[in-house]
2 protein chains.
Amino acid sequence: MRLSMITAIALYSLVITGCKEQTNAQTDKQATAAKVQSIFPKGEKGSSEYFTGNAYTNGLVPADSTYATLVGNVYFEPGARSNWHRHPAGQILIITDGVGYYQIKGQARQTMRKGDVIQCPPNTVHWHGASSDTGLQQLYIIPNTEKGIVEWMEPVTDEEYSN
Amino acid sequence: MRLSMITAIALYSLVITGCKEQTNAQTDKQATAAKVQSIFPKGEKGSSEYFTGNAYTNGLVPADSTYATLVGNVYFEPGARSNWHRHPAGQILIITDGVGYYQIKGQARQTMRKGDVIQCPPNTVHWHGASSDTGLQQLYIIPNTEKGIVEWMEPVTDEEYSN
């Protein structure tokens, strides 16, 4: 028991030495995250199939035949963003805190801040996510879900993100 | 010019002496309001035809044929509430800060707090508003607006509100 504790401490020391830069980066992200206020629990980490970086999604209202409306919250850590995608019935974004970006394919990137409301028209290819130094808290509303919810596409490259 | 300033100061002194209690009550409400964080501008005071007390509404997304979804924010000062009403297509409430109440006709009053999401079914008579000592910041979503938006009814009496 004592031996395995010593082994664990030694391993831990090795790991924290090796990961020092990563730990500092994480501390910076946590400090930034603390500045961005949350209304809802953080939720589950979004799949790397659909997101670059750390995005956390929290479903609030499931799509059903009564409301035909999907509502949820996404917290994007700094630098995190969705893949390119489109919604058959469009999407409404409500920014509750932080700073982020939103871009429709072929148009200039727009900055989104607390209190902004974005309407993304049906079948319009776009992405959204946090700015590189501040996270983003974002409510999304997908109306008329009988038309479909989302069609995912390729990731947003670092070059596309920075433009 | 100087005379009118002196008159103004004298009048102001009379007014603040006469309104001391009211001013204290207002200061209390402002202090409470400061504790309830806002995401959006306060908006316009809701009509006394539909609200008891001070409620401020801020439209965020108008109903149109693309999204068929009405979105807005209401700030209820402590004690303020809507009349009884119903929505032909139902309503989703998202509480972003503060404390409030929600009641479906014939059921017990429920308390709503930051992070709560309420689904009010179609054609269900209900009211919502702030608690008596803390204001409420509330986003509302009315889906499928082609079915209609709201049917207003009678005010919520003090007895109904306190029950």
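Guide: Let's start with a term: pLDDT is the predictor's confidence in each residue, from 0 to 100. You'll want that in hand, since what you have above is a predicted model.

Visitor: Okay, so which residues of chain A have pLDDT under 50?

Guide: The general idea goes like this: where pLDDT is low, the predicted coordinates should not be read in detail. In this case the stretch is residues 1–24 of chain A, where pLDDT stays under 50 and the model has 1 contact beyond four places in sequence. For the chain as a whole, the average pLDDT is 87, and 79% of the residues score at least 70.

Visitor: And what ipTM and pTM does the predictor give the complex?

Guide: An ipTM of 0.80, along with a pTM of 0.81.

Visitor: Now the fold. How many helices and strands does chain A have?

Guide: There are 3 helices and 12 strands in chain A. Contacts tell you how far along the sequence the pairings reach: of those in chain A with a separation of 6 or more, 71% are between residues 24 or more positions apart. As for burial, 36% of the 163 residues in chain A are buried.

Visitor: Which strands pair with S7(A)?

Guide: Take them one by one. With S8(A), residues 110–113, S7(A) pairs in the antiparallel sense over 4 bridges, and A:Tyr101 sits opposite A:Thr111 there. The hairpin of these two strands has 5 residues between them, and A:Gly106 in it takes a positive phi near 90 degrees. S9(A), residues 117–120, is also antiparallel to S7(A), joined by 4 bridges, with A:Ile94 partnered to A:Val117.

Visitor: And the others?

Guide: S10(A), residues 126–130, pairs with S7(A) in the antiparallel sense over 5 bridges; A:Tyr102 has A:His128 as its bridge partner. S11(A) is antiparallel to S7(A) as well, over 6 bridges, and A:Gly98 stands opposite A:Leu136. S7(A) itself is mostly covered, with 12 of its 14 residues buried.

Visitor: Can we zoom in on one residue? Is A:Leu139 buried or exposed?

Guide: Count the neighbours: 20 or more other C-beta atoms within 10 Å make a residue buried. A:Leu139 has 24 C-beta neighbours inside 10 Å, so it counts as buried. You'll find A:Leu139 in strand S11 of chain A, residues 136–142. Setting aside residues up to four places away in sequence, A:Leu139 touches A:Val71, A:Asn73, A:Ile94 and A:Thr96. Its C-alpha atom is 9.9 Å from that of A:Asp97, which is 42 residues away along the chain.

Visitor: What about the nonpolar core: which residues touch the most other members?

Guide: The general idea first: in soluble globular proteins, nonpolar side chains tend to be buried together. Here the largest nonpolar core has 52 residues, and A:Phe76, A:Ile141, B:Phe76 and B:Ile141 touch the most other members. Strands S3, S4, S7 and S11 of both chain A and chain B each supply at least two residues of this core. Among the contacts of B:Phe76 beyond four places in sequence are B:Ala55, B:Gly100 and B:Leu136.

Visitor: How many residues of chain B are in contact with chain A?

Guide: 22 residues of chain B are in contact with 22 residues of chain A. Strands S3, S7 and S9 of chain B each give two or more residues to that side, and S7(B) has the largest share, 3 residues. By class, the chain B side has 14 nonpolar, 7 polar and 1 charged residues.

Visitor: What rotation superposes chain B on chain A?

Guide: In general, two copies of a chain are related by a rotation about an axis and a shift along it. For this pair, the rotation is 180 degrees with a shift of 0.0 Å along the axis, and the RMSD is 0.0 Å. That is the relation of a two-fold axis. What's more, 100% of the interface residues of chain B are also interface residues in chain A, so the copies meet through the same surface.

Visitor: Last one: which residues other than glycine have a positive phi?

Guide: Two to look at are B:Asn123, with phi near 55 degrees, and B:Asn144, with phi of about 50 degrees. B:Asn123 is in the loop between S9 and S10 of chain B, and B:Asn144 is in the loop between S11 and S12 of chain B. Their surroundings read like this: B:Asn123 is partly exposed, with 13 other C-beta atoms within 10 Å, whereas B:Asn144 is buried, with 21.

Key:
Residues numbered from 1 in each chain as written. Chains lettered and ligands numbered in written order. Predicted model: local features only at pLDDT ≥ 70, side-chain atom pairs only at ≥ 80, totals over all residues. Contact = placed C-beta atoms within 7 Å. Nonpolar A, V, L, I, M, F, W, Y, C, P; charged D, E, K, R; others polar. Least-squares fit on C-alpha atoms with pLDDT ≥ 70 in both. Core = buried A, V, L, I, M, F, W, Y, C linked by C-beta atoms within 7 Å. Pairing = 2+ DSSP bridges.
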